[in-house]
Amino acid sequence: MEMSIAQLSMDMASANLQNALSVGMLKKNMEATEQTMEAFTDMMANMPSPDGRGQLLNILV
């Protein structure tokens, strides 16, 4: 009985660690994606028009 309780405790601790690691990795991935999207949005905002008359896209509207 004591061994099963100890094993359950270790399994729960391991699951908590794996869950925390997964959440941390997801957070890092979301932050990197947000930075990439900000750079992409800035690039689109500064894209010149092919005919040279102004901005090609107005993404702020």
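Here, buried means under 20% relative accessible area, exposed over 50%, and partly exposed in between (1.4 Å probe, protein chains only). This is a predicted model, where local features need pLDDT of at least 70, side-chain atom pairs count only at pLDDT 80 or more, and totals for chains, interfaces and linings use all residues. Residues are numbered from 1 along each chain as its sequence is written, and side-chain values use heavy atoms, with hydrogens and water left out.

**View 1. The whole chain has one helix and zero strands.** Helices are DSSP runs of H or I, at least four residues, and strands are E runs of at least two, numbered from the N terminus. Just 2% of the 61 residues count as buried.

**View 2. Met-37 sits in helix H1, residues 2-45.** Met-37 counts as partly exposed because its relative accessibility is 46%.

**View 3. Glu-31 is another helix H1 residue.** With 36% relative accessibility, Glu-31 also counts as partly exposed.

**View 4. Back out to the surface of the chain.** Carbon and sulfur atoms hold 64% of the roughly 5,700 Å² that is accessible, as worked out by the Shrake-Rupley method with a 1.4 Å probe; for residues, only the protein chains shown count as cover.
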